[in-house]
Protein chains: 2
Amino acid sequence: MFKINDNYLKLPGSYLFSNIAKKVDAYSKAHPDKEIIRLGIGDVTQPLAPKIIETLHEAVDEMAHAETFHGYAPDLGYAFLRDTIAKNDYKDRGCDISADEIFVSDGAKCDSGNIQEIFSVDNKIAVCDPVYPVYVDTNVMAGRTGTYDPVTETWSDVIYMPCTAENNFIPEFPKEAPDLIYLCIPNNPTGTTITKSQLQEWVDYANRIGAVIIYDAAYEAYISEDDVPHSIYECEGARTCAIELRSFSKNAGFTGTRLGFTVVPKDLKAGDVSLHALWARRHGTKYNGAPYIIQKAGWACYTEEGKAQLKEQVAYYMNNAKTIKEGLKDAGFTVFGGVNAPYIWLKTPDKMTSWEFFDYLLDKANVVGTPGSGFGPSGEGYFRLTAFGSHENTLRAMERIKNL
Amino acid sequence: MFKINDNYLKLPGSYLFSNIAKKVDAYSKAHPDKEIIRLGIGDVTQPLAPKIIETLHEAVDEMAHAETFHGYAPDLGYAFLRDTIAKNDYKDRGCDISADEIFVSDGAKCDSGNIQEIFSVDNKIAVCDPVYPVYVDTNVMAGRTGTYDPVTETWSDVIYMPCTAENNFIPEFPKEAPDLIYLCIPNNPTGTTITKSQLQEWVDYANRIGAVIIYDAAYEAYISEDDVPHSIYECEGARTCAIELRSFSKNAGFTGTRLGFTVVPKDLKAGDVSLHALWARRHGTKYNGAPYIIQKAGWACYTEEGKAQLKEQVAYYMNNAKTIKEGLKDAGFTVFGGVNAPYIWLKTPDKMTSWEFFDYLLDKANVVGTPGSGFGPSGEGYFRLTAFGSHENTLRAMERIKNL
């Protein structure tokens, strides 16, 4: 008689954004006349850039002829894409990462969920609190997190590193040494970040205690300040302790196009065992490559035209971020983030819980945001708005919030 | 100090097709003048059908405008695709499967590797021998297979169901009751299949012992005989014991385009727990949907134009299968498969091992095939050729083999 993976049953409720979608759906059905503005889920709204569209059409045409048709992709991704990533995202920033340390995938969500698989179930994870829920949830599913306490909303075997206004959203080294440290910088959901010298301290710490940092740099394109690192490999020693996750979703609007990559340096080892080899084995056995046409679209992001167009797109969203941040400030809110990231993190007013504020904002302003508590217990009393809406909607949402 | 997932270290050698690629590369470099014909890996060579190309272009254009742009896809896939799958692949064949039991993914390799995750690590798996290596390898990585015996090339906790010429390639119920039964029908690599009444016996068996059948129907489009089932849901009782995996790779040439789906009926339960809910949770937490433009391309496969064009494409490959099968017979080989599947399975001559024959064929005919032993111990002494080459290359490969 077959049995299921009981770890799945430990997961409390369903995935945060599915919950939000259900609440919004219910509200929408009950109030069909209300026009809802969605600044909740971090989904983009601007179309793909012209250079990407042009490249996609060209790649589609290649697939129409036997001579230029592409079947199975190379296990780790096409060289044309990995080479250009290595050059643009790493060599040009002074990072020592080669093309064969880059694994192309269908997005950072999959990679951030799958990466834990190459580690022992006995490893202890540390996460910033609040943070993107996928890190903890996928470790729950793997049986790595112990038992859940519904009162504190924490797992017995997870080390939480609170990032709140009190510590300026900078995680502190935990008392107990973790084995795997998830860092998302710039942070989702708080939109805050740390400096290169602060990250260097984390790299030194990880090397000292023998931990691996899983560094999620999905939002690096939004960094506007000079002393904020775009890659963990800007820090010395990161090649022996860090895996980096990257996404095309936010810098190029690929949320519905799906492309990402993971960097596993060959110097990252457990004794004799190379983590690069383990991840390559997982890629080769459980994955079959991102579509050729999508990898070509990824390549287009790094052309001169592509880069210029994407810079404009990022600027468009960051203008929204500024609108939200200043609008909320004017309305009397305490706000964080929004300078090096497309997320604005606000303190809920009048000691409302995050979900109370969610309902309040949905009901009174017909604006959807994301409850901070959905990202971890220290997110309670906070709320996330994203800059990914259209500028018109962002302005209208701010008007509505100011009029509350 | 972090530790790795030791189960990965148990895997002997690297993934079969990576090994073949390395051997062919080495031969190619040593003999740059030789023109190699690849009938090894099951990769298609014909371009995407015109209707698919047209639809891809249209979908790309949609991504170019904010009004028609698509961001994150619905968790389980777009309704336009799931609805048409439910109608064409199931309702029209008399199978009771609804659209919300269909989970769209980026391919059957990922799904067949990931599906084991929702089951307990204590479950015992049964596999046809020989079979697609991903089933066993992904269970090894999960720690479900016990210890490896390098002499017999078997795992202590895997139940092997030999499928050889002796039993007409029909798996027999194992002595020990398995929890998970992987069936790939039509079979990869043997190209053989079983009848609907034989499959019904497996469904009855699984329901009787409380096992789940993971039914890989990736090759169903190649079925030419009437009494061969296209879906396990043609059998009575399959809704309570079977998960079905489907691919667009072989019927529509999507090996480099990436699309597949998995069916988990809502009646499939472990006590109160619905496997549908578990798989939905995995999808929602560790996956972010197939690209919109690719899902549109999948939809195009089910239009009247698409269906007609794909029927032609399948016929093209099956003509190759016939060429290979008859060519090999004429050359004195004992051959199987090739009637309901694009694979031809041959007995190696002169008691050569599968790898000996691989080297022999590569060296003497410059033809690449796949050693049967790579698919399991009972594949030893057999060899796989695929019908996915161009017709010209297939004819030339047969000429070369006849002249050996």
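At what angle do helix H4 (residues 79–90) of chain A and helix H9 (residues 292–300) of chain A pack, and how far apart are their axes? The legends below begin with this pair. The model is predicted: local features need pLDDT of at least 70, side-chain atom pairs count only at pLDDT 80 or more, and totals for chains, interfaces and linings use all residues. Residues are numbered from 1 along each chain as its sequence is written, chains are lettered from A and ligands numbered from 1 in the order in which they are written, and side-chain values use heavy atoms, leaving out hydrogens and water.

**View 1. Packing of H4(A) with H9(A).** The two helices pack at an angle of about 25 degrees, with axes 9 Å apart. H4(A) is therefore roughly parallel to H9(A), a term for angles under 35 degrees, whereas over 145 counts as roughly antiparallel, 65 to 115 as roughly perpendicular and the rest as oblique. Axes are lines fitted to C-alpha atoms, for helices over the stretch in contact, and angles run from 0 to 180 degrees between N-to-C directions. Helices (H or I, at least four residues) and strands (E, at least two) are DSSP runs, numbered from the N terminus. The crossing of this pair is left-handed, meaning that the near helix is turned anticlockwise from the far one by less than a right angle; clockwise would be right-handed. From H4(A), Phe80(A), Leu81(A) and Thr84(A) meet Tyr292(A), Gln295(A), Lys296(A), Gly298(A) and Trp299(A) of H9(A). This contact (heavy atoms within 4.5 Å) has 4 nonpolar, 3 polar and 1 charged residues. Ala, Val, Leu, Ile, Met, Phe, Trp, Tyr, Cys and Pro count as nonpolar, Asp, Glu, Lys and Arg as charged, and the others, Gly among them, as polar.

**View 2. Relation between chains A and B.** A turn of 180 degrees and a shift of 0.0 Å along the axis lay chain B on chain A with an RMSD of 0.0 Å. The two copies are thus related as by a two-fold rotation axis. In chain B, the C-alpha of His57(B) is the nearest to the axis, at 3.1 Å. Superposition is by least squares on the C-alpha atoms of residues with pLDDT of at least 70 in both copies. Because 99% of the interface residues of chain B are also interface residues in chain A, the copies meet through the same surface.

**View 3. Helix H10 (residues 304–330) of chain B and its packing with H12(B).** H10(B) has 27 residues and reaches 39 Å from its first C-alpha to its last, close to the 39 Å expected at 1.5 Å a residue; the expected span is 1.5 Å times one less than the number of residues. Just after H10(B), Gly332(B) takes a positive phi of about 95 degrees. The axes of H10(B) and helix H12 (residues 391–402) of chain B come within 10 Å and cross at roughly 5 degrees. These two helices are therefore roughly parallel to each other. Their contact residues divide into 6 nonpolar, 6 polar and 3 charged.

**View 4. Cis peptide bonds and a positive phi in loops.** Most residues other than glycine have a negative phi, and most peptide bonds are trans. A cis bond joins Asp129(A) and Pro130(A), with omega about 10 degrees; Pro130(A) is found in the loop between strand E3 (125–129) and helix H6 (134–141) of chain A. The bond from Asn188(B) to Pro189(B) is also cis, with omega near 25 degrees. Glu153(B), a residue other than glycine, has a positive phi near 55 degrees, and is found in the loop between strand E4 (148–149) and strand E5 (154–155) of chain B.
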